[in-house]
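Hi everyone, thanks for making time this morning. I'd like to walk you through one structure, so please have it open in front of you.

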Amino acid sequence: MPEPVLSVRGLRTHFVTPERTVKAVDGLSYDLFPGKTLAVVGESGSGKSVHALSILGLLPMPPAKIVAGEILFRGKDLLKMKTEELRAVRGDRVAMIFQEPMTSLNPVMRVGEQIAETVILHQGKTREAARAKAIDLLKKVGIPHPEERVDDFPHQFSGGMRQRAMIAIALSCEPDVLIADEPTTALDVTIQAQILELMKDLQREYKMAIVLITHNIGVVAEMADDVVVMYAGRPVETASVGELFKDPKHPYTRGLLASVPSIYERKERLEAIPGQPPDLGAGSVAGCPFTARCAVALERCGADDPPQFHLKGGRMSNCWKCEGESEERSHRFADASGSAK
């Protein structure tokens, strides 16, 4: 097996104010391998986007604080890098497509200038060469008449075209890792399919790894090789996409899969997960955070916080019902100290 291009180890990102501490990410670990797509899935507020911003050092500190963990990019811990070193990596070797392109693109800069800016900064190209590359990238991501549209402003692009422009900016330096945060949000179904197909084509061309952040289970099935399911800031299940859909281990994962329509199974109505996620700033709560919403909770679930049980095939589940299937902890999910548990 090749070495992971990106490894997150025991990441804990908190937001600290005088009134409370919100544990937005609480113990996330995974490995991302070259050319593969890892989906991080969960409902709103589960910590998906915060973890991505933690990787790139884009959280405001304070109030954000990374209290534990490592983020290893090709063996180097991004959290220990100086600001200048991290800037050299961010946008060059690790790039990100943000959730809402209209607020991520500068409204008073021409789209081509925004693409060229990244090329000039990281690759030292002249302004003329950077403009030529911007036109080539706009063509590559499917923008019609790129020689003309390169001088347009973001408001002159449709929603789908703005998302394509964001992809062009992210790919301008041919990164090793692309983080895509809800890349199809607010787009209609046809455009969503086009954007996902574009990402797959570009992934094959550039041989890059993708961290796909989404709440859309259908997108996970379409795009991912491996999946991390997050709930209340924690990873509750990790598996290959095939194993996850065939045999979900955690009750929360089963609830997510049951809440979406299926072409193989006719449902009179879609199932919903009852209740609400816990308040991440309410302080320590005994037991599993999903207990109050879980239909199969055991008595111990409300008292004892389940550990990460590592199952056959490198799977992981934070559920007491998986205790009997647990195997020795894999080195792939070592904690931040590098030791196996």
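Let me begin with a question: is E182 buried or exposed? Keep in mind as you look that this is a predicted model. E182 has a relative accessible area of 7%, and because buried means under 20%, E182 counts as buried. You'll find E182 in the loop between β7 (177-181) and α8 (189-206). Its backbone deserves a look too: phi of E182 is near 50 degrees, a positive value in a residue other than glycine.

Now please turn to R74, in the loop between β4 and β5 (76-77). R74 isn't a glycine either, and its phi is positive as well, at about 50 degrees. How does R74 sit, buried or exposed? With a relative accessible area of 51%, R74 is exposed.

While we're on the backbone, let's visit the loop between α1 (48-56) and β4 (64-73), where P62 is found. P63 lies in that loop between α1 and β4 too. The peptide bond running from M61 to P62 is cis, and its omega is near -5 degrees. Step along to the bond that joins P62 and P63, and you have a cis peptide bond there as well, with omega of about 10 degrees.

Next, the aromatic rings. How many aromatic pairs does a search of the whole structure find? The search turns up four. One pair I'd like to show you is Y231 with F290, which is edge-to-face, with 5.1 Å from centre to centre and 85 degrees between the planes. This pair links distant parts of the chain: Y231 belongs to strand β9 (residues 226-231), F290 to the loop between α11 (251-258) and β11 (309-310), and they are 59 residues apart. Y231 and F290 are both buried. Add Y252, and ring pairs link Y231, Y252 and F290 into a cluster.

There's one more ring to show you, with a charged partner. R300 lies over the face of W320, at 3.6 Å from the ring centre.

Let's move on to empty space. Rolling a probe the size of a water molecule over the atoms shows where such space is left. Searching the whole structure this way gives two cavities of 30 Å³ or more. The largest cavity has a volume of about 90 Å³. Which residues are closest to its centre? They are P251, C288, C294, C301 and C319, out of 14 that line this largest cavity. By class, its lining has ten nonpolar residues, three polar and one charged.

The second largest cavity holds about 50 Å³ of space. Here you'll meet Y231 and F290 again, since we have just seen them as a ring pair, and they help line this cavity along with R234, V236, H250, C288, P289, D305, P306 and N318. That lining divides into six nonpolar, two polar and two charged residues.

Let's pick P289 out of that list. P289 is found in the loop between α11 and β11 and is partly exposed, with a relative accessible area of 22%. Leaving aside neighbours within four places in sequence, P289 is in contact with Y231, A232, R234, P278 and D305. P306 is 17 residues from P289 along the chain, and their C-alpha atoms are separated by 9.6 Å.

A quick stop at helix α11, where T253 is found. T253 is buried, with a relative accessible area of 2%. Beyond neighbours within four places in sequence, T253 is in contact with V229, E237, L244 and P248.

Last stop, the pockets. The largest pocket has a volume of about 580 Å³. Of the 21 residues that line it, R90, G91, F98, T118 and I169 lie nearest its centre. The elements that give two or more residues to this lining are β6 (94-97), α4 (111-123) and α7 (159-171). Which of them gives the most? That's α4, with five residues. The pocket lining divides into twelve nonpolar, six polar and three charged residues.

Helix α4 is also where E113 lies, and E113 is partly exposed, with a relative accessible area of 39%. To get a sense of scale, look across from E113 to A239: they are 126 residues apart in sequence and 41 Å apart in space, C-alpha to C-alpha.

That's my tour. Thanks for listening, and I'm happy to take questions.

Key:
Residues numbered from 1 in each chain as written. Predicted model: local features only at pLDDT ≥ 70, side-chain atom pairs only at ≥ 80, totals over all residues. Heavy atoms only, no water. Phe/Tyr/Trp six-rings, centres within 6.5 Å; stacked < 30°, edge-to-face > 60°. Helix = DSSP H or I, 4+ residues; strand = E, 2+ residues; numbered from the N terminus. Buried < 20%, exposed > 50% of the residue type's maximum accessible area, 1.4 Å probe, protein only. Lys NZ or Arg CZ within 6 Å of the ring centre and 35° of its normal. 1 Å grid on protein atoms, 1.4 Å probe; cavity = no way out; pocket = protein on both sides within 12 Å on 5 of 7 lines; lining within 4 Å. Points joined across faces, edges and corners; volume = space filled by probe spheres on them. Nonpolar A, V, L, I, M, F, W, Y, C, P; charged D, E, K, R; others polar. Contact = heavy atoms within 4.5 Å.
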